[in-house]
Amino acid sequence: MKSYHLDHLQYLETEAIHVMREVAAEFERPALLFSGGKDSICLLRLAEKAFRPADIPMPFLNVETGHEFPELLEFRDRRAKELGAKLIVRSVDQAVANGTAVLTKSEISRNRMQIPVLLGAIEEYRFDCCIGGARRDEEKARAKERFFSFRDGFGQWDPKNQRPELWNLYNARLNGGENMRVFPLSNWTEMDVWEYIKREQLEVPNIYFSHTRECFFRAGQWLPVPPPHTDPTTPDPFEGARPGKEPRKTMVCRVRTIADMISTGMLESPATSIDDIIGEISAARVTERGSRADDKASEAAMEDRKKQGYF
Amino acid sequence: MSQHPIEILRFNTCGSVDDGKSTLIGRLLYDSKSLMEDQLEALQRSADITGGGQVNLANLTDGLRAEREQGITIDVAYRYFATPKRKFIVADTPGHVQYTRNMVTGASTANLSVVLVDARLGVIEQTRRHSYIAALLGIPHIVFAINKMDLVDWSEERFLEIRENIEAYLPRLDVLKDVKFIPMSALNGDNVVELSKNTPWYQGPALLGHLETVHIASDWNLNAFRLPVQWVNRPNNPRDQKLHDFRGLSGQIAGGIVKVGQEVRILPSGLKSKVKQIWTYDGELEEAFCPQSVTLVLEDDIDVSRGDMIVGMEKLPGKNSELHARICWMHPKALAPGRKYFVKHGTQTVQAMVTSIDHKINIQTYEVEPAPAELAMNDIGEIRLRVSKPLIYDGYRANRLTGSFILIEQGTNHTVGAGMLHAPLEPVKPEYDDFAI
């Protein structure tokens, strides 16, 4: 007898494809947030599955802090080109240069600076919807997030006043100036993402695999030593983020989750394949976000950023 | 397909503040090793600071500042865990004022509902309320977890008494297909993951064993083919002749099975055609089933757009602009006859006016109040609606996807109600039955 049921990845996939097609059908000017990280890599495959043989009917958008791993940027640009998609990049540096963002001396991380840059890009292109790769299992403030997450005219999230979401019926209605963030991977776990990458044989940036790298120890984690600053005519983008007297060592390591270079803790690991990574996650005793400095700022770090318009 | 297909079971847990719901979920997460060290440390920290040493598992997902400050849960939280046999998505809903609205939301996507009953208190109003909502939302499987059995000395008589009390009122609800009763102590872990030595008189599985094995493949409707057209796929590619002419109808199958070569009907137009191709990124399929997302190519080039439904030739759905539905109201501004809303049903949104409220149901006593003036937040009642364009629909009992809708307030765009349609009085009669293309 033939069995008509879906395994867990097929279920998550059909749910996500449905969500992506709702975006294409309900919004006039959607964009897909693509950083080159593992979650957004899955989003791209889902977009192919949702929209082929037609073109993916939305551009990709990425917001750079200026502290990115070079490997990630190379991968991002190449994937967008391979898929024939338009890639829009907006950066904190541009925003500082044209005066729409101001750097805070005391805050080395530009993580929060991504907020005005993202909102600026939404305004510039009049995007009414941005698809993102966030998952509910990642972080507490995300556990209450909707698939279709409403943002007001200032890009703000109001967690206490969210639209209830029932069955597979998503309320996509907006008034002028408002916009939506949509998260097709809401129900995926870190393990699901890697299992999907394995099943779909998706390429991921090589920094997810074990390599040798010089790191230094700061605020409870091993951070990568930033690339040297070679052009003395420009300010050093990593000023303040370079190692001082902290302990240093050359590590065989990889990333489990990618923020930028100054907030991604490196994980000592011999994992050189997707199978190794899956094995490592099954045995892991800390969560993925345990290696993200941007989430450790306070108990409500993510909530505060999200309320202001973060991804 | 992977070598060991692992399915996802979605369940929700219903309980009030002190009946051990957090403890139960915590135990499932902990015993399946889904709680990580940094989470446990964070729990321990918050317990030391605010809880007088008591670990509160709600802190795991009550991540919002207001929730931690006020010790409340704002709305549905989703948690994820896995065993070697299955993956689980748990919709955890808080037990306070907005309970009905949240539970209805969490229940709308659930395969199974776990209703916690305190063995000392037995059936209370909340038990009846939780049972009602599980039945209303058509959850295929329900488990009554008779908890805190250690506090009634593991008495089989007490367990049977509670079971009888529940079985006495179940016939008053819509048909619950699969009902289980499990004696339990979530605190001590009896019959949660491992079978308990304290209940030699209990022959059934522990809760986790039941969750891992309950048959869910037939929870989706596989009887009558339904494809709400979501998006029309037109590559319009001038460089490739084949792609230039490609016209696919994309959507998630909401019921039944479709095969290449099969005759189908497009509703509401009633036009007939045949399935030429089931296109997917992973290659063409010979057949596809609910809830797969596919792209159909038809033999004939007929006008089909978003909001239309492609159906099989047998077991036709209904078509009507006068609708009769049960509704859960979810917004502080009450529902009253004469108000206008948008209805989102399947892949289409139409204007709607509430023409009457037939009655309101007291979900604790199951008594019916006829013709109330309005439905307030968390009320459940029967309403009649007139929509601006006829809907193609099934009764909610037959199909949870083609029988459900949401109401959206015009202007604010708030989602204000969740509706479940009564079965149509008659199937649609296509006007162009003999009309061949």
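B:Ile142 sits across from B:Val179, a residue of strand β6(B). That pairing belongs to a run of six bridges joining β5 (residues 141–147) of chain B to β6(B), with the two strands running parallel. Keep in mind that this is a predicted model.

Zoom out a little and you find the sheet these strands belong to. In chain B, six strands line up in the order β2-β3-β1-β4-β5-β6, making an open sheet with mixed pairing. The edges are taken by β2 (77–82) and β6 (178–183) of chain B; each has a single partner strand, so one side of each has no neighbour in the sheet. Going from one strand to the next, the twist averages 25 degrees.

Two helices of chain B are worth a look here. Helix α5 (residues 125–136) packs on the sheet and touches β1 (7–14), β4 (112–118) and β5 of chain B. Its direction makes about 170 degrees with that of β4(B). Helix α6 (residues 156–169) of chain B packs on the sheet too, touching β4, β5 and β6 of chain B. For α6(B), the angle is about 160 degrees, taken against the direction of β6(B).

Now over to chain A, which has an open sheet of four strands. The order there is β8-β7-β9-β10, and the pairing is antiparallel. Why do β8 (221–224) and β10 (267–268) of chain A each have one side without a neighbour in the sheet? They stand at the edges, each with a single partner strand, so nothing in the sheet flanks the other side. Strand β7 (residues 211–218) of chain A pairs with β8(A) in the antiparallel sense, over four bridges. Within these strands, A:Cys215 stands opposite A:Pro224 in β8(A).

How do the two chains meet? On the chain B side, 87 residues are in contact with 67 residues of chain A. The area buried between chain B and chain A comes to about 6,600 Å², and carbon and sulfur atoms give 55% of that. There is plenty to look at among the charged and polar pairs as well: the count between the chains is eight salt bridges. In one salt bridge, the side chains of A:Glu195 and B:Lys87 come together at 3.7 Å, N to O. Polar contacts across the interface of chain B and chain A add up to 35 residue pairs, with both residues at pLDDT 80 or more.

Which helix gives the most to the side of chain B that touches chain A? That is α3 (residues 65–70) of chain B, with five residues. By residue type, the side of chain B touching chain A splits into 39 nonpolar, 29 polar and 19 charged.

Finally, a few backbone details to check in the viewer. Two cis peptide bonds are listed here:

| Cis peptide bond | Omega |
|---|---|
| A:Arg52 to A:Pro53 | near 5 degrees |
| B:Leu267 to B:Pro268 | about 10 degrees |

Where does A:Pro53 lie? Look in the loop between α2 (38–51) and β2 (60–64) of chain A. As for B:Pro268, you'll find that residue in the loop between β11 (263–267) and β12 (272–279) of chain B.

One more stop is A:Gln201. Phi of A:Gln201 is near 50 degrees, which is a positive value in a residue other than glycine. A:Gln201 is in the loop between α6 (190–199) and β7 of chain A.

Definitions and conventions:
Residues numbered from 1 in each chain as written. Chains lettered and ligands numbered in written order. Predicted model: local features only at pLDDT ≥ 70, side-chain atom pairs only at ≥ 80, totals over all residues. Heavy atoms only, no water. Contact = heavy atoms within 4.5 Å. Buried area = accessible area lost by both parts, 1.4 Å probe. Salt bridge = Lys/Arg side-chain N within 4 Å of Asp/Glu carboxyl O. Polar contact = N/O pair within 3.5 Å; in protein donor to acceptor, adjacent residues only side chain to side chain. Nonpolar A, V, L, I, M, F, W, Y, C, P; charged D, E, K, R; others polar. Pairing = 2+ DSSP bridges. Axes fitted to C-alpha atoms, helices over the stretch in contact; angles between N-to-C directions.
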